[in-house]
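User: Please take a close look at how the parts of this structure pack against one another, within a chain and across the boundary between chains. I would like one connected account that I can follow with the model open in front of me.

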Amino acid sequence: MSDPNAQPGSPDKEPASEDQAARTAVGNTERAEAATTTGGPGPRPTLGRLFLENLWAANTFTVTLLSLVLAMVVGAVLMIISDPEVLATYSYITARPSDAINASWTLVSEAYANLFKGSVFDPAASSFNAALSPISETLTYTAPLVFTGLSVALAFRGGLFNIGAQGQATMGVILAALAGFLLPLPPGLHLLVAVLAGALGGAIWGFIPGILKARTGAHEVINTIMLNYIAVYFLTWLIVQNGVQDPNRTDAISRPVDASAQLPRLFGDGLRAHAGIILAVLATWAVAWLLNRSTLGFELRAVGANPDAARTAGISVTRTYVLIMVFAGALAGLGGSQMVLGTTAAALTPLVVAQIGFDGILVALLGRVKPWGVALAALLFGALQAGGNRMQSYSGISLELVTVLQALIVIFIAAPALVKAIFQLRAARAARLQTSLAKGW
Amino acid sequence: MSTTAVPDVAVASVNEGFWTRTRKVGLVLVALGLLATVLFGALATGEQARFTLSEDAAGAALEINGTVGAIVFGLIALAAGGSMLAGLPKRWFVPVLAVGLVAFVLSFLCWQVSAAPTGQNFMPLVNIVRGTFLLALPLIFGSLAGVLCERSGVVNVAIEGQLLMGAFSGALFGSISGSVWVGLVAAAIGGSLISLLLAVFSIRYLVDQVVMGIVLNLLALGITGFLYERLMQTDAARYNSAPRFSNWEIPLLSDIPLLGPALFRGNIFLYLALLLVLVIHIALFRTRWGLRTRSVGEHPTAADTLGVRVLGLRYRNVIMAGAVAGIGGASYTLALFSFTKNMIGGKGFIALAALIFGRWSPTGALLAALFFGFADQLATYLGAINSVIPGQFLAMLPYLATILAVAGLVGRVRAPAADGKPYIKG
């Protein structure tokens, strides 16, 4: 696979070879120029050549992109086999193959076009607001995912697997909402208190598995899974209590959060994007700083890499474990708080946090547990979610397809060896894509 | 995503001087006993609390005055806790603990039943036992799937997904073919498809098994939800009206009072679950396959040295686990309900809890599943008699119990040593 001469031939490699062909057609001058700029004598590869070689190597970017493609292919197959009309055309595919191909193409291309139009840009948009609307939707879905993703990523770097982002987000949303409609505070301060309450709720729910892990060695994966469900049952109990439940409603919904505790909207009242996305960018920066520049971050990574060595070096492993889980919980709690303080909903319902905690695990893995990677991954997931809504209402393709796509993307990026084998990728120059070694219970 | 093996932090030693584990548990039990005697006793009414041996208020019943019952059983729990505090020999620990806990539950029930609205001061034990088993069914199948997987060293967090896929394919193919048996086989295949993915990715591609489990749960949720909306919602008559197994009455056994009507008039899934517990227990501890499975789960290198095909055995066990869980999922769609989106609703994770609470053994898993099923059934019962205890807190019980168990407060649980660690032959 490392032999560059083997490149043409396989149909999978068409993009790269086409690109190469185009470059040779432009002429040799460019190549000569490139050679002079790099200045290396003899066999030193040119910049352009390096780019081409890396384009089809198993690096992070290529594998992620191809995982996305693979997931969409599987999604297309699911769409086709679940559509009786299109499926019917396959019964006479030998007689008239064009029917089956056309019907499938129309179905799939229309669905994915709607996915794009709902998340990035709709060419048919008439007004400025309408043109901005898909981006606004995407950002609205992205913001909480950044927080839960960061929560999982931060814990992962410290050697802990935080499956409890869902429960921490639930506790965060509970405390944020309670602060949002129970405390009579002036605007500004009210919002600040509500956001901090959300962080506190998550931090408490992160502290429990952290201290249990540090003191008794109880595995955080088990405890966080259990705490997720305890949080959900606590939420469903709390909603119907006096003072919490909306007095005008009989179903399980709480009073709405006061306007003074709502996050301000970014692009005016017509669009849903809110200041949560700014908080998300700040949080990403803060986590990146914490991990890479602070003493605590160093200790955290040391404990994550090898707790025994860290202990020998004088780092308190138990203290670090507790701190990691408190920080991770606070992040997830912040993400949860946006579900009522933002524009998604204003009141608590049993499903108010949706799946942001579990999605956060996928986001963290897709972002390679690096803060800015997590932010980008959350953006992709947010876009899929926003586009999925449009796909559902315009093409009638169930929103569940988005869940399938998200899960498949992560399955593929988690197994780069599989993607590498399917597309016959070259080995990456820097082997950064090692698979993780599981640690078990 | 690279995590190296992290051994658990130094475990706080359990036997520190006077406060041994027995004494700590005894202290908790004393507190529970006091609570039962004082609080439950005070809140219970003088009504007779009747525990009827039938499905309604009629028939033979065990009766006790509510206040007296609450206090007496509370005192028994107190005495059990006290004896532990006084320094009970270790071999008496489990029986005395069991007596204490059962007494606490009985005291609680005496209070609840006697405080129920007039005319409802009875608890139909047949219903309770039957409901317990019914609610425990998916948990039993799910935790057995966990036992098969994890005993051979593959963490199975995907139980939820396997149950869901089983329920879905059972409903789909049962409806299309019109045969329950086709549905049952399809359910087993559906469950094993999810575990095939788990096996391939965790054994062949060395993906973190917990990660893979979580992702597979989402995948199963997405695929079944998607196909449900596309197929079953548009044409329910064709795709979502699976035939159902009828109840089989076992002659003689079904005439036993209490247990007969509750246990021996069930459907095939109930018998299958109990049979599987027995079979897996015997197979795991008495056969060559079981010895190999356990050795692969504890020390794969040693097993490999002795000629056991580690990876092959793991593949086989994981796929079998999927089939078992798939059948568990079908116990919903081929016996009780038609398929709905996310119909398993977290039962897979309670099954995981049951597996851990039952210490990775088939019989332990059965008992844990029954305990969790009982908590669930009790929540339903208390809801029906307008109890002051919110059902949500009872629903939390399985999860709380598991946290207490893994934290070492109710005895230490230990996973198979190589559970979750991929084996790389080298």
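Analyst: Among the contacts in chain A that join residues at least 6 apart in sequence, 74% join residues at least 24 apart; this and everything that follows is computed from a predicted model. Chain A has 18 helices and 0 strands, and of its 441 residues 49% are buried. The packing inside this chain can be followed through one pair of helices and then two individual residues.

The pair is helix 7 (residues 128–157) of chain A and helix 11 (residues 276–293) of chain A, whose axes lie 8 Å apart at an angle of about 15°. Since angles under 35 degrees count as roughly parallel, helix 7 of chain A is therefore roughly parallel to helix 11 of chain A. The crossing of helix 7 of chain A and helix 11 of chain A is left-handed. On the side of helix 7 of chain A, the contact is formed by L139(A), T142(A), A143(A), V146(A), F147(A), L150(A), L154(A) and R157(A), and these meet G276(A), I277(A), A280(A), A283(A), T284(A), V287(A) and L291(A) in helix 11 of chain A. Sorted by class, the contact of helix 7 of chain A with helix 11 of chain A comprises 11 nonpolar, 3 polar and 1 charged residues.

Two of the residues just named, L139(A) and T142(A), also turn up around G382(A), a residue of helix 16 (residues 371–395) of chain A: leaving aside residues up to four places away in sequence, G382(A) touches T138(A), L139(A), Y141(A), T142(A) and L145(A). G382(A) counts as buried because 25 other C-beta atoms lie within 10 Å, where 20 or more are required. The C-alpha atoms of G382(A) and Q245(A), by contrast, are separated by 30 Å, with their positions 137 residues apart along the chain.

A second residue to inspect is V303(A), which belongs to helix 12 (residues 295–305) of chain A. V303(A) has 29 C-beta neighbours inside 10 Å and so counts as buried. Not counting residues up to four places away in sequence, V303(A) touches G158(A), G159(A), A310(A), I315(A), V317(A) and T320(A). V303(A) and Q424(A), which are 121 residues apart in sequence, lie 37 Å apart from C-alpha to C-alpha.

Turning to the partner, chain B has 16 helices and 3 strands, and 54% of its 426 residues count as buried. The C-alpha atoms of chain B occupy a box of roughly 65 × 60 × 40 Å along the principal axes. A compact globule of 426 residues would have a radius of gyration near 22 Å, and the 23 Å of chain B agrees with that. Of the contacts in chain B with a separation of 6 or more, 75% come from residues 24 or more positions apart.

Within chain B, helix 15 (residues 362–384) and helix 16 have axes that come within 8 Å and cross at roughly 180°, which means that helix 15 of chain B is roughly antiparallel to helix 16 of chain B. Helix 15 of chain B brings F372(B), A375(B), D376(B), L378(B), A379(B), L382(B) and G383(B) to this contact, and helix 16 of chain B brings G391(B), L394(B), A395(B), L397(B) and P398(B). The residues of the contact between helix 15 of chain B and helix 16 of chain B divide into 9 nonpolar, 2 polar and 1 charged.

Across the boundary, 54 residues of chain B are in contact with 58 residues of chain A. Helix 7 (209–232), helix 14 and helix 16 (391–406) of chain B each supply at least two residues of the side of chain B that touches chain A, and helix 7 of chain B gives the most, with 16 residues. By class, that side of chain B has 37 nonpolar, 11 polar and 6 charged residues.

One helix pair spans the two chains: helix 10 (residues 220–239) of chain A packs with helix 14 (residues 347–357) of chain B at an angle of about 135°, their axes being 11 Å apart, which makes helix 10 of chain A oblique to helix 14 of chain B. The crossing of helix 10 of chain A and helix 14 of chain B is left-handed. I222(A), I225(A), M226(A) and Y229(A) of helix 10 of chain A make the contact with F349(B), L352(B), A353(B) and I356(B) of helix 14 of chain B, and by class this contact has 8 nonpolar, no polar and no charged residues.

Definitions and conventions
Residues numbered from 1 in each chain as written. Chains lettered and ligands numbered in written order. Predicted model: local features only at pLDDT ≥ 70, side-chain atom pairs only at ≥ 80, totals over all residues. Helix = DSSP H or I, 4+ residues; strand = E, 2+ residues; numbered from the N terminus. Rg over C-alpha atoms; globule rule 2.2 N^0.38 Å. Buried ≥ 20, exposed ≤ 12 C-beta atoms within 10 Å, placed from the backbone. Contact = placed C-beta atoms within 7 Å. Axes fitted to C-alpha atoms, helices over the stretch in contact; angles between N-to-C directions. Parallel < 35°, antiparallel > 145°, perpendicular 65-115°, else oblique. Left-handed = near helix turned anticlockwise from the far one by under 90°. Nonpolar A, V, L, I, M, F, W, Y, C, P; charged D, E, K, R; others polar.
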